[in-house]
Amino acid sequence: MRKKVLSYLLCAAMALSMTACGEKPAESSQPESVEESGDEPAGDEQESSEEETPAEESSEEESPAEEETPIEEEPEEAAAGPMVLRTEAEAFVDGDVTAEGDHLGGLKDKAWAMYNVDLADGGYKQIGIRYGADSVGGTVRLWIGDADYEEFGEMIGEAAFEGTGSWDMNSMVVFDVPNLGGQSGATDLVIEWESPEGESDYLMNPDYFELYKTTSAGAKTNTWNFFDNDFSANEVAGFRGEEPDYTHIYVTTDCYTGYKLDFGEEGGYKELALTGDFVGECALELHLDSPDGELVGNVAFTGAADWTNVMTNTYTVEVPELESVTGGHGIYFVFKSGDFNFASFRFYNKPALKLSERVEAELDIEGTTSHDESDVSSAGGNIGGTQGNVYITYRLDFEDGGYNKILMRFGTITPGGTIDVHYGDPNGELITTITLNRDDAPDSKPENFGSDWAAFADFEIDVPDLAGLTGEQIICFVFHPTDGDDNWVGNFDYYEFSK
């Protein structure tokens, strides 16, 4: 039994400081910073790496995609927390440990320390502990403390750590704590240490621990939302734009940045898209979990000749070595040559969908809609849950262009609504708006169209603003019901594009 806490001492959870560094280079051989040039990349408005998820409010009407499970009303939105949340090890509120200046010491078998950490809006799913250990190593565990502190509470993750041969605090043990993701606000966390087979030696000297948010590798990640970096190789490398509204980072040879990404249970990510302004023979390496960790990708492409007429561009390159990577990892971009005014990136584990073929609605790369895999007229699945501001994103190949019509196989019992079509993500440049009114259904519609979510009709719509698009594009549909955001536009089976 652990003793109860006699007093609560609130410890400050320290986020990584992200201070803009450097000013615009004077020579034309260096990129202009956006804050001074006033030019933002066209069609590339930025948002946080955890892309905003439009709120889904409840409705008394059943959801079209999951009729037996109405969407619950969301609680009041909590304050957004940083991507990396750091707490100093010596800032514990209770425990069987000893503070030794700016770190902990004297940790033997069953040592433990409790911390009160403000998780803000939550979403933290990994923990990293910086430590030194001239020992045989051991096991470290993370617990969510219970209300009375009589016991630790719920154990949510553990990992083995190795002796490092030194008490210098220059090593890191990182492990997944997925059940922490649902926790928000002030939370009591307990770290416990255990020695192998009851060894009595001291285990480690912890310096600090960090909690990490991991975002989907397939989601758009803004480059300034790293958890680790080294910009020291160039005095002007660093953030561009005004905090917190950064637009990109400038990086060059011998710089690196690290990102916390989730490659899922199946992995399969073997392509990388990089968006920004690039000059010269650009090359970077992808490393797993540290700047000199396992090499999982080599990237090389030719950017613009100089900064005079450079334009924002997206380069998609193959990274086949990454295909077998699964789960949460730190991915390090180690820049080897060239100049990068680097805005965002995303990985792909699904090919682009050719518009010369039928596009199944459920074959998105990300979004906030719901999917129903039941058989429908296309012998596939469909998407539903299309409430106000819900979005879905597709990777489409417009080939040689000219596509100016779209057939949407669509079912609804609501009046319908509109779909805003954006480049890239919900905040990207608006391309066009598609209107879907239930009353405009063709004469060939089924008899139960308008009264059954599974009754689909074919709506043929002119989309002249898409005719000029060629090649591969990331296109985002944002839904807006006619009768309020808490209703639905409808269920979508497939799309057919034509010229």
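This briefing covers the fold, the nonpolar cores, the cavities and a few loop residues of one protein. The model is predicted. The protein has 499 residues, and 52% of them count as buried. It contains one helix and 34 strands.

**Overall picture**

- Strands number 34 in this protein, against one helix.
- Contacts here often link distant parts of the sequence: among those between residues at least 6 apart, 78% join residues at least 24 apart.
- The protein exposes about 22,200 Å² of surface. Carbon and sulfur atoms supply 43% of that area.

**Nonpolar cores**

- In soluble globular proteins, nonpolar side chains tend to be buried together.
- The largest nonpolar core in this model has 36 residues.
- Which members of this core touch the most other members? They are L272, L274, F333 and F347.
- Six strands each supply at least two residues of this core: β17 (245–252), β18, β19 (271–288), β20 (294–302), β21 (313–318) and β22 (328–348).
- L272 shows how such a residue is surrounded. Leaving out residues up to four places away in sequence, L272 touches L286, V299, Y315, T316, V317, V319, F333, F345, R346 and F347.
- Two of the partners of L272, F333 and F347, are themselves among the core members that touch the most others.
- Another core lies apart from the largest one. This other core has 35 residues, including I431, A441, F459 and F479.

**Cavities**

- How many cavities of 30 Å³ or more does the structure hold? There are four.
- The largest cavity has a volume of about 60 Å³. It is lined by 11 residues, and those closest to its centre are M83, K213, N225, Y259 and K260.
- Strand β18 (residues 256–262) gives the largest share of this lining, with three residues.
- The lining of the largest cavity is mixed: five residues are nonpolar, four are polar and two are charged.
- The second largest cavity has a volume of about 40 Å³.
- L396, F398, I406, I434, V463, L466, I475, F477 and F497 line the second largest cavity.
- What classes of residue line this second cavity? Nine are nonpolar, and there are no polar and no charged residues.

**Loop residues to look at**

- D254 sits in the loop between β17 and β18. Its phi is positive, at about 75 degrees, although D254 is not a glycine.
- Is D254 buried or exposed? It is exposed, because its relative accessible area is 55% and the cut-off for exposed is over 50%.
- D289 lies in the loop between β19 and β20. This residue is not a glycine either, yet it has a positive phi of about 75 degrees.
- D289 has a relative accessible area of 44%, so it counts as partly exposed.
- A305 is found in the loop between β20 and β21. It counts as exposed because its relative accessibility is 76%.
- A305 and F278 are 27 residues apart in sequence. In space, their C-alpha atoms are 9.0 Å apart.

**Where to start in the viewer**

- Begin at L272, a member of the largest nonpolar core, and pick out its partners, among them F345 and V299.
- Then find strand β18, which supplies at least two residues of that core and three residues of the lining of the largest cavity.
- Finish at D254, in the loop between β17 and β18.

Note on methods
Residues are numbered from 1 along each chain as its sequence is written. This is a predicted model: local features need pLDDT of at least 70, side-chain atom pairs count only at pLDDT 80 or more; totals for chains, interfaces and linings use all residues. Side-chain values use heavy atoms; hydrogens and water are left out. Helices (H or I, at least four residues) and strands (E, at least two) are DSSP runs, numbered from the N terminus. Buried means under 20% relative accessible area, exposed over 50%, partly exposed in between (1.4 Å probe, protein chains only). Contact means heavy atoms within 4.5 Å. Accessible areas come from the Shrake-Rupley method with a 1.4 Å probe; for residues, only the protein chains shown count as cover. On a 1 Å grid over the protein atoms alone, a cavity is a set of points where a 1.4 Å probe fits but cannot get out, and a pocket is an open set with protein on both sides within 12 Å along at least five of seven lines; lining residues have an atom within 4 Å of a point. Grid points are joined across faces, edges and corners, and a volume is the space filled by probe spheres set on the points. Ala, Val, Leu, Ile, Met, Phe, Trp, Tyr, Cys and Pro count as nonpolar, Asp, Glu, Lys and Arg as charged, and the others, Gly among them, as polar. A nonpolar core is a set of buried Ala, Val, Leu, Ile, Met, Phe, Trp, Tyr and Cys residues joined through side-chain atoms within 4.5 Å.
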